[in-house]
Amino acid sequence: MGIEEDIPRQLASVALTEIDLEDRWYQVSYGPPPPALAASLHTVGLINPPTVQRRQDGRWRVVAGFRRCALLREQGATTISAWCVEEAVPELALFVWSLGDNLGIRALNVVECAVALHKLVRQFHVPETEVVSRYMPLLNLQGSRTLLQRYLSLAGLPEPMRQWLAEDRLSQEVALRLVEMSDGDASALFAVISQLRLGKNHQRDLVRLAEDVARRESMSIQQVLSAPELQEVLRKTDWSPGQKTEKVLTWLRQRRFPRLAEAERRSHELIRSLDLPANVRLSPPANFEGGEWQCHVQFGSGEELRAAAQRLQQIAESSTLRELLLLP
């Protein structure tokens, strides 16, 4: 029987105690049931019966409708109207049926797509070429071997990282890096990400800097992030997540680029020694690259501008300025 053929099934009443909700062979849905589903079941009852398959031991495994079965059991129901299929029905056909049941009402999230593709390849042994050409478009994904490998990797992401990814709070790029790391390194990074509630750009900055520092200093990422100075920042109770994020990333940049960090420290020291007027500000080039400093002058009168110009003339002839221009 091909997967396009109608699956022989019969609508019947099934005892919920006979349905094994721990059997997740066909399950694709991830995350808690939407509140609207619970409210609908409580108010109008079951409209769309789930599909269950009889197992060799006589019990039933859910093909489609895990959440409906679980919610009805929680609401005190003892039986459920379900489409029943026999054990002999091909598993792949039923899995595609399960996908269709979900896709008919919503788009799958990233984690659900990863799980679906992983089951097709690893559990139901569908050739990757067929998954790419036939099933990825079904999931509204570009048919690509590279993208398939990406999703197969994401299927191995542990909790609670998986939850963040499903909720689109975790960057896919970062998730792929985490799944490739040791458990200790991945856990240490995600602990910082979740504690500081980092956005995706800051997540990428954190991972890149931590990896660079670990590689440069021949240590693990977990060891880098366990440094007392960084942990002290994370323990601050009077700082906002934004303030902690800035301090953590600054600390990592200084560890990653010690020469640049020393140049920044020295430039602040030298600029303070110039005793600039309050309306004059000197700024080094970003990362001390390009060699072009900026001088910002604010004034409300010609006298203020003349005074600033005279002071800048003095600074232009000073050894302090010459030292600044030689940094880093």
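Me: Which helices do the buried residues of helix 5 pack against?
Reply: Bear in mind that this is a predicted model. Helix 5 covers residues 128-138, and its buried residues are Glu128, Val131, Val132, Tyr135 and Met136. They pack against helix 3, helix 4 (110-123) and helix 6 (145-154).

Me: Do the buried residues of helix 5 line one face or opposite faces, and what arc do they fall within?
Reply: The residues in question are Glu128, Val131, Val132, Tyr135 and Met136. The face turned away from them carries exposed Thr129 and Ser133. Looking down the axis of helix 5, the buried residues line one face, because they fall within an arc of 130 degrees.

Me: Just after helix 5, which residue takes a positive phi?
Reply: Look in the loop between helix 5 and helix 6. The phi there is about 65 degrees, and the residue is something other than glycine. At 71% relative accessibility this residue counts as exposed. That's Asn140.

Me: Is His125 buried or exposed?
Reply: His125 sits in the loop between helix 4 and helix 5. Its phi is positive, about 55 degrees, although it is not a glycine. The cut-off for exposed is over 50% relative accessible area. His125 has 61% relative accessibility, so it counts as exposed.

Me: Which residues does the cis peptide bond with omega of about 0 degrees join?
Reply: Go to the loop between helix 6 and helix 7 (161-166), where Pro160 is found. With omega at about 0 degrees, the cis bond joins Glu159 and Pro160.

Me: Okay, on to the sheet. Which strands stand at the edges?
Reply: It's an open sheet of five strands with mixed pairing, in the order 1-5-3-4-2. Each edge strand has a single partner, so one side of it is left without a neighbour in the sheet. Strand 1 pairs with strand 5 through six antiparallel bridges, while strand 2 pairs with strand 4 (residues 60-64) in the parallel sense over two bridges. The edges are strand 1 (10-15) and strand 2 (19-20).

Me: What stands opposite Thr51 in strand 5?
Reply: Thr51 is found in strand 3, and strand 3 pairs with strand 5 in the parallel sense over three bridges. Thr51 is buried, with a relative accessible area of 4%. Leaving out residues up to four places away in sequence, Thr51 touches Arg61, Val62, Val63, Ala64, Trp83, Val85 and Trp97. One of these stands opposite Thr51 in strand 5, and that's Trp83.

Me: At about what angle to strand 4 does helix 2 run?
Reply: Helix 2 (residues 66-74) lies across strand 2, strand 4 and strand 5 (79-85). Helix 3 (residues 91-103) packs on the sheet too, touching strand 3 (51-54), strand 4 and strand 5, and its direction makes about 50 degrees with that of strand 4. For helix 2, the angle to strand 4 is about 125 degrees.

Me: Last one: are helix 12 and helix 13 roughly parallel or antiparallel to each other?
Reply: The axes of helix 12 (residues 228-235) and helix 13 (residues 241-256) come within 9 Å and cross at roughly 170 degrees. The contact is made by Glu229, Leu230, Val233 and Leu234 of helix 12 and Lys244, Lys247, Val248 and Trp251 of helix 13; these divide into five nonpolar, no polar and three charged. Angles over 145 degrees count as roughly antiparallel. The two helices are therefore roughly antiparallel.

Definitions and conventions
Residues numbered from 1 in each chain as written. Predicted model: local features only at pLDDT ≥ 70, side-chain atom pairs only at ≥ 80, totals over all residues. Heavy atoms only, no water. Axes fitted to C-alpha atoms, helices over the stretch in contact; angles between N-to-C directions. Helix = DSSP H or I, 4+ residues; strand = E, 2+ residues; numbered from the N terminus. Parallel < 35°, antiparallel > 145°, perpendicular 65-115°, else oblique. Contact = heavy atoms within 4.5 Å. Nonpolar A, V, L, I, M, F, W, Y, C, P; charged D, E, K, R; others polar. Pairing = 2+ DSSP bridges. Buried < 20%, exposed > 50% of the residue type's maximum accessible area, 1.4 Å probe, protein only. Arc of directions from axis to C-beta.
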